[in-house]
Amino acid sequence: MLLTDKEQKKAFLKEASTNFEKYYPVGILHKEGFMRKQCPITKLFFWTVNKDQEVCGDSKALGKVTMLEKRFTTKKQSYPEVWKNFETFFTKLGYTSMNRYPVVARWNPTTEFTIASIAAFQPYVVSGAMEPPAKKLVIPQFCLRFGDVDNVGVTGSHMTGFTMIGQHAFMPASEWNQELFFSHMLRYVLDIVGLDKKDITIHEDAWAGGGNFGPCMEFFSGGVELFNQVYMLYEQTPTGPRELKQKVLDMGLGMERVAWFSQGTPTIYEATFPQTIKFVLSETNILPDYELFKRFAVYATLLNSDETDDISAVWHTIASHLGVHADRLQETISPLTKAYALTEHVRALLFALADGKLPSNVGGGYNLRMIYRRARDFAHDLAPHLDLYTVATHHADELLPVYPEIKEALPEIKHIFAHEEMKWKENKDRTRSVLAKLSPDDLDVETLVSLYDEKGISPDMIKEHFPAFHIPETFFAKLAQRHETKEQATATKKERTIPGIEELPETEILYWGRADLVSFEATVLAVVDKEYVVLDKSAFYPTSGGQLHDLGTVHGEEVLDVFKVGNIIVHKLKNTKLEKGAIVTGEIDLDRRMQLAIHHTATHLLTGSCKRVLGRHVWQAGAAKTLEKARLDITHFDIPTKEELDKIESVANAAIQENLVVKKTVMPRALAENKYGFELYQGGAVPGKNLRIVEIVGFDVEACGGTHLDTTGFIKKLTISKATKVQDGVIRIEFVAGPAAESFSAGQDSVLDELAALLSCSQDQIVGRATELFTKWKQFKKGKLDKVILESDEKVTQNVLEEVCKVLRTQENHVVSTVTRFLRDVKLR
């Protein structure tokens with residue numbers, strides 16, 4: 001039985017502590033004059049050059065953060081300088097410098113956000129399924145974590161968004177040099193950070209995650225952990241630990257922490273974004289008691305809500321140390337902590353929005369909306385006129401030296417902030433009426449969660465209404481954990497299992513090269529239950545990627561269904577007479593194949609068109625392609641207007657008229673990501689070492705396994721029929737293309753003609769024919785009634801036309817009844 005990560009870490013730490021010379025870089029430690037000791041408080045083993053040092057470097061052992069009382073380095077570094085200096089130092093040692101990966105981890109099926117620098121290379125590089133970008137590399141990876149949201153601003157050191165500078169290596173055992181990697185970080189701390197050896201404490205620890213584990217070394221100074229160097233050496237198996245063929249170095253350094261440590265500011269926030277904090281404080285008219293705050297900051301880390309059950313008692317303890325009353329301390333500190341939190345939250349949002357994630361009511365988008373509203377509540381409390389987008393622009397300026405892409409994304413981000421501001425105000429108005437019906441006796445933790453989840457009522461709004469009510473310190477962390485699940489709006493493949501085919505070789509795919517390849521020869525590898533046939537190669541497309549499967553025949557027998565089991569294509573026949581080893585011919589229904597290929601290529605065209613019209617935040621959230629129609633689910637904050645839909649349709653049809661080349665190639669994942677970036681993953685994470693890339697040259701590029709045309713001109717025409725909201729932040733666009741679009745247009749014209757005639761009928765005729773007409777209309781769902789040319793200029797006719805236009809954009813099940821009722825009330829003669 002495999003251990004949990006927590007159990008594995010505990011078990012391995014015991015082993016590593018006993019045989020420390022085997023697992024830790026003892027040679028370089030002894031050479032540099034460090035000695036091994038055990039902390040009586042934390043029980044951890046640590047290394048120091050100080051003979052009289054009795055406790056480890058953790059603030060829990062020291063009782064406070066001593067770096068705020070004493071400067072340990074004279075080398076001040078701004079936030080951007082920390083990366084620039086780190087990059088310069090390590091590239092000289094032969095490491096490759098890389099740009100950050102997006103904070104939205106679309107390449108990774110196991111997580112929604114990038115939570116650590118190593119996460120940029122999970123799961124494929126770490127597992128060995130994909131070649132690393134370089135054997136040794138460094139990266140300034142921005143990360144998002146929502147578990148500490150309640151601590152942001154309060155402890156002076158916590159953040160939801162932060163940069164983890166990574167020092168990583170991916171090497172076979174023959175090239176692995178743990179002592180060398182450790183020595184590089186030690187020299188960095190001594191030479192670049194500017195620490196003296198006597199001010200460094202190095203902890204022995206262990207790490208476990210994702211089935212892998214190994215030893216690690218944590219560097220502390222002044223009560224602050226500067227970084228942690230993990231040596232990923234083993235994997236869990238049912239029979240016990242097994243050494244990894246590829247060993248992984250995972251060092252994560254807090255870029256903000258090193259800036260804070262080097263500057264000695266009261267909190268991490270002044271060191272990371274000083275100009276933005278200065279702007280916010282000037283807008284809020286807060287007059288900070290910096291003298292008190294500096295003394296408070298020494299103990300602020302003790303207010304970590306994850307590590308204490310009684311925050312109130314900790315406030316009293318700190319107040320006692322400072323010689324002030326606890327209530328006065330909290331009243332004085334609270335405005336500053338709110339200013340810090342709102343400023344930090346806006347910065348975290350900037351990266352998520354720039355990388356294409358939208359605030360919403362589900363999954364990771366929920367947590368983005370949560371921190372937006374938390375920031376907005378704080379701003380409302382401190383300075384109602386404070387505009388969060390203006391705060392964002394100040395952040396973008398400070399981030400420019402390291403992350404110029406954030407400033408480039410500001411025009412789109414402005415629209416998203418405006419949309420969230422509108423929703424916040426609407427929610428604020430609703431909140432008053434809801435809380436007016438409640439009393440403090442009605443409120444418990446579950447009620448608080450329900451009020452926030454279902455009605456968006458935050459603890460601050462409740463506190464505003466019921467000042468004496470106590471809000472749990474970990475409220476937002478619990479909410480974040482509850483909603484950190486990935487959701488996809490549209491299922492895109494059939495999951496099946498067929499016994500007895502697991503050991504067969506993967507099927508050679510023939511449809512990737514040409515969509516019009518509809519005849520082929522193959523060998524039967526297996527027949528299961530006279531129903532399921534596996535061939536060595538196949539041109540039949542299996543249901544996946546939102547596209548329906550092909551139909552046709554194998555050796556004259558009808559193919560009823562096609563699906564994949566792993567990398568094996570399975571053909572479903574009825575009472576087949578085929579036997580293993582037979583040479584057979586496959587014939588595919590060409591008309592069906594081409595219409596599906598048209599709809600699939602048109603889906604890619606529509607994705608590119610939506611990005612051009614609505615913005616780069618648009619990503620595919622799901623898709624489906626049938627013979628009759630197709631749909632594309634996109635991330636967008638509101639249903640596009642009629643003008644926007646018309647423009648999207650126009651852009652797509654212009655690309656069709658240009659007859660753009662559609663290139664289909666298979667290439668290694670690393671090469672594809674390097675060439676095209678992470679916009680490849682429009683349909684979510686794609687497994688495997690190699691990716692099949694579909695590129696509409698100059699217009700759109702995606703990793704996709706579907707059937708596609710060779711040029712866009714073959715589509716001929718694309719028509720958008722409908723746009724609706726599937727869920728908060730996800731819009732569904734329904735459309736038709738190719739022959740399906742021609743059929744749609746013909747039927748649409750017929751209905752429009754009937755509607756024009758209907759508008760000149762008598763009232764009795766209208767009632768009798770309305771239901772029939774709008775039932776027929778539902779087949780087409782295209783509300784372009786403004787294109788109808790009416791002979792009559794009567795105002796009442798125009799009014800009817802406008803009302804019907806509105807109705808046709810409502811839900812289908814209300815169309816008939818609403819239109820009939822309306823037309824009965826209008827006297828048309």
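Me: Before we start, what does "buried" mean here?
Reply: A residue counts as buried when its relative accessible area is under 20%. Keep in mind that this is a predicted model.

Me: OK, so what share of the protein is buried?
Reply: Of its 829 residues, 57% count as buried.

Me: And how many helices and strands are there?
Reply: The protein has 27 helices and 25 strands.

Me: Let's pick one helix. How many residues of α21 are buried?
Reply: 21 of its 25 residues are buried, so α21 is mostly covered.

Me: What span should α21 have, and what does the model give?
Reply: Helix α21 covers residues 590-614, and at 1.5 Å a residue it should span 36 Å. Its end C-alpha atoms are 35 Å apart, which agrees.

Me: What's going on at the ends of α21?
Reply: D589 caps the N-terminal end, with a side-chain oxygen 3.2 Å from the backbone nitrogen of D591. After the helix comes G615, which has a positive phi, near 135°.

Me: New topic: at what angle do α12 and α13 pack?
Reply: About 95°, with their axes 9 Å apart. That makes α12 roughly perpendicular to α13, because angles of 65 to 115 degrees count that way.

Me: Which residues make that contact?
Reply: From α12 you have W315, H316, I318, A319 and L322, and from α13 there are A326, L329, Q330 and I333.

Me: How many of those are nonpolar, polar or charged?
Reply: Seven are nonpolar, two are polar and none are charged.

Conventions. Residues are numbered from 1 along each chain as its sequence is written. This is a predicted model: local features need pLDDT of at least 70, side-chain atom pairs count only at pLDDT 80 or more; totals for chains, interfaces and linings use all residues. Side-chain values use heavy atoms; hydrogens and water are left out. Helices (H or I, at least four residues) and strands (E, at least two) are DSSP runs, numbered from the N terminus. The expected span of a helix is 1.5 Å times one less than its number of residues. Buried means under 20% relative accessible area, exposed over 50%, partly exposed in between (1.4 Å probe, protein chains only). A polar contact is a pair of N or O atoms within 3.5 Å; within protein, one must be able to donate a hydrogen and the other to accept it, and residues adjacent in sequence count only if both atoms are side-chain atoms. Axes are lines fitted to C-alpha atoms, for helices over the stretch in contact, and angles run from 0 to 180 degrees between N-to-C directions. Angles under 35 degrees count as roughly parallel, over 145 as roughly antiparallel, 65 to 115 as roughly perpendicular and the rest as oblique. Contact means heavy atoms within 4.5 Å. Ala, Val, Leu, Ile, Met, Phe, Trp, Tyr, Cys and Pro count as nonpolar, Asp, Glu, Lys and Arg as charged, and the others, Gly among them, as polar.
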